[in-house]
Amino acid sequence: MPDRNNFSDQSFAYVLSGEEQYYPYKAEVIDLGSNKTIANLDFSEHRYADNYVPEDYPYIDEAVRYMQSDGFTLYVSTAHNTYASSAPHNAYVMALDMQNDYNVLWKSQPLVANADNFAIIDL
């Protein structure tokens, strides 16, 4: 079984971490060319969405599921591991500007990404 907290694309390796192995919310971005860490990212502010069922709160913490870069933008998928009815504001893809302190460029509508990978397609 692949390690879901360590993966890479053509240019960068990503190491996910957090309080528990299956709910990572921190990411180390490592340049494969220099083998140096270029960013340590914390997605804590994206862990809990509003509009959740109060009794389901222990299950709705969103984790970083996958990330991939095109060299300029870092695309990040976050989601929780329970039903969307427990917290429908989850399962996003975000785009971060790698050239400008990893500022959020955009965040998708909810419920568009709940997978452990995705593909960047140039349209």
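This text walks from a loop to the sheet that follows it. The model is predicted: local features need pLDDT of at least 70, side-chain atom pairs count only at pLDDT 80 or more, and totals for chains, interfaces and linings use all residues. Residues are numbered from 1 along each chain as its sequence is written, and side-chain values use heavy atoms, with hydrogens and water left out.

Start at Arg-47. Its place is the loop between strand 4 (36–42) and strand 5 (63–69). Strands are DSSP runs of E, at least two residues, numbered from the N terminus. Arg-47 counts as buried because its relative accessibility is 10%; buried means under 20% relative accessible area, exposed over 50%, partly exposed in between (1.4 Å probe, protein chains only). Beyond its neighbours within four places in sequence, Arg-47 is in contact (heavy atoms within 4.5 Å) with Glu-19, Tyr-25, Ile-60, Asp-61 and Glu-62.

Tyr-57 lies in the loop between strand 4 and strand 5. At 35% relative accessibility, Tyr-57 counts as partly exposed.

Now take the sheet. Strands 5-6-7-8, in that order, form an open sheet of 4 strands with antiparallel pairing. Two strands pair if DSSP finds at least two bridges between them. Strand 5 and strand 8 (103–107) stand at the edges; each has a single partner strand, so one side of each lacks a neighbour in the sheet. From one strand to the next, the twist averages 30 degrees. Its axes are lines fitted to C-alpha atoms, and angles run from 0 to 180 degrees between N-to-C directions.

Finish at one pair. Strand 5 and strand 6 (residues 73–79) pair in the antiparallel sense over 6 bridges. Ala-63 has Ala-79 in strand 6 as its bridge partner.
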